[in-house]
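User: I'm new to reading protein structures, and I'd like a close look at just one part. Please pick one residue and walk me through what surrounds it.

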Amino acid sequence: MVAGTLAAGALALSLTGCGDSVDPIERMGRKTTQGAGTAEGSATPSPAPSAGNASGNASGNASDEAYRKWGLTAPLAYAPKPAQKPQIPKAGPGKVPVIDRIPVPAGEKIVFLTFDDGAEKDPEFLKMAADLKLPISMFLTDNVASSDYGHFEKLRDNGSASTINNHTLTHPNLRTLPFAAQKKEICDQQDRLEKRFGKRPPLFRPPFGNYNDDTLRAASECGVSSLVLWRVSMQINNFQYAEGSALKPGDIILAHFRGPSELKGSTETQMTTRMLQRIQEQGYKIGRLEDYL
């Protein structure tokens, strides 16, 4: 394999033993993919205003009753758009940076919501996301999401400033593919999403969090600005953490568009309610990922 290919066997994170696991391989965050030769690292956050409900997007405008309707005991707290974006470490020449946690101002407890794939298209979730004004960064896979891209268009256009991004055409393990095949998976999905939604996505997430140097080069050539991973994944009832046992400031949370057949009878809205409850229990606000990237 080419130089820079990541040794999953040596770096794989053991997250076994979860009784409500959905898809163990997609619990993996950066620790399973990081390898020598990448340009990623910790960054020093830039100053930003204190977080509150005066979000830079529409997220802070959920009605007072919306949280009760969807099973929450208190309103969600939203982080405002920062005065300036934090500094992200630059990638090597011809590559995109890899981001698995956002540098946020010291003392600010902010996390970010991302949903992957697009297999489940639950109209109740559309209502929930609109009522709560959830700022969701969607990473869509064409072969499961394209049967109803209109569903995700409604989610994008519900007033929450949610966004649509790239998760490949067919959800392969990119590390097993040569450069040309990786580029096709990424670029062709860029083209399809641009044609359908009118904008070329700036963000890309590799399936399973698996990537190598070829992925970083292909993403750059396809017009991607950042490759986005995660540190926390939502299963059915609880979070799985790549490190420790609690959220950390700047965590990117991975969830999936999934329904009862994959969630052991739970609905997408029930899973999301539990996720939001866990965020509230730990005292975190929700930020919009694209406001920081």
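Analyst: **Thr-272 and its surroundings**

Thr-272 is buried, with a relative accessible area of just 1% (buried means under 20%, exposed over 50% and partly exposed in between, using a 1.4 Å probe and protein chains only). Keep in mind that this is a predicted model, where local features need pLDDT of at least 70 and side-chain atom pairs count only at pLDDT 80 or more, while totals for chains, interfaces and linings use all residues. Residues are numbered from 1 along each chain as its sequence is written, and side-chain values use heavy atoms, with hydrogens and water left out.

You'll find Thr-272 in helix H8, residues 268-281 (helices are DSSP H or I runs of at least four residues and strands are E runs of at least two, numbered from the N terminus). Ignoring residues up to four places away in sequence, Thr-272 touches Phe-115, Phe-125, Met-128 and Leu-134 (contact is heavy atoms within 4.5 Å).

Let's follow Phe-125 next. Helix H3 spans residues 123-132, and it packs with helix H5 (149-156) at an angle of about 15°, the axes lying 9 Å apart. That makes H3 roughly parallel to H5, a label for angles under 35 degrees (over 145 is roughly antiparallel, 65 to 115 roughly perpendicular and the rest oblique). On the H3 side, Pro-123, Phe-125, Leu-126 and Ala-129 make the contact, and H5 brings His-151, Lys-154 and Leu-155.

How does H5 sit in the fold? Its buried residues are Tyr-149, Gly-150, His-151, Phe-152 and Leu-155. These buried residues pack against H3, strand E3 (136-140), helix H4 (142-145), strand E4 (163-166) and helix H6 (179-197).

Now zoom out to the core. The largest nonpolar core holds 41 residues, and those with the most contacts inside it are Leu-132, Phe-239, Leu-247, Ile-253, Met-275, Leu-276 and Ile-279 (such a core is a set of buried Ala, Val, Leu, Ile, Met, Phe, Trp, Tyr and Cys residues joined through side-chain atoms within 4.5 Å). H3 gives this core its largest share, five residues. Take Ile-279: leaving out neighbours within four places in sequence, it's in contact with Val-111, Leu-113, Phe-239, Leu-247, Ile-253, Tyr-284 and Ile-286. There's also a second, separate core of 28 residues, including Val-96, Val-98, Tyr-211 and Tyr-292.

As for the whole protein, it has eight helices and ten strands, and 55% of its 293 residues count as buried.

Note on methods:
Axes fitted to C-alpha atoms, helices over the stretch in contact; angles between N-to-C directions.
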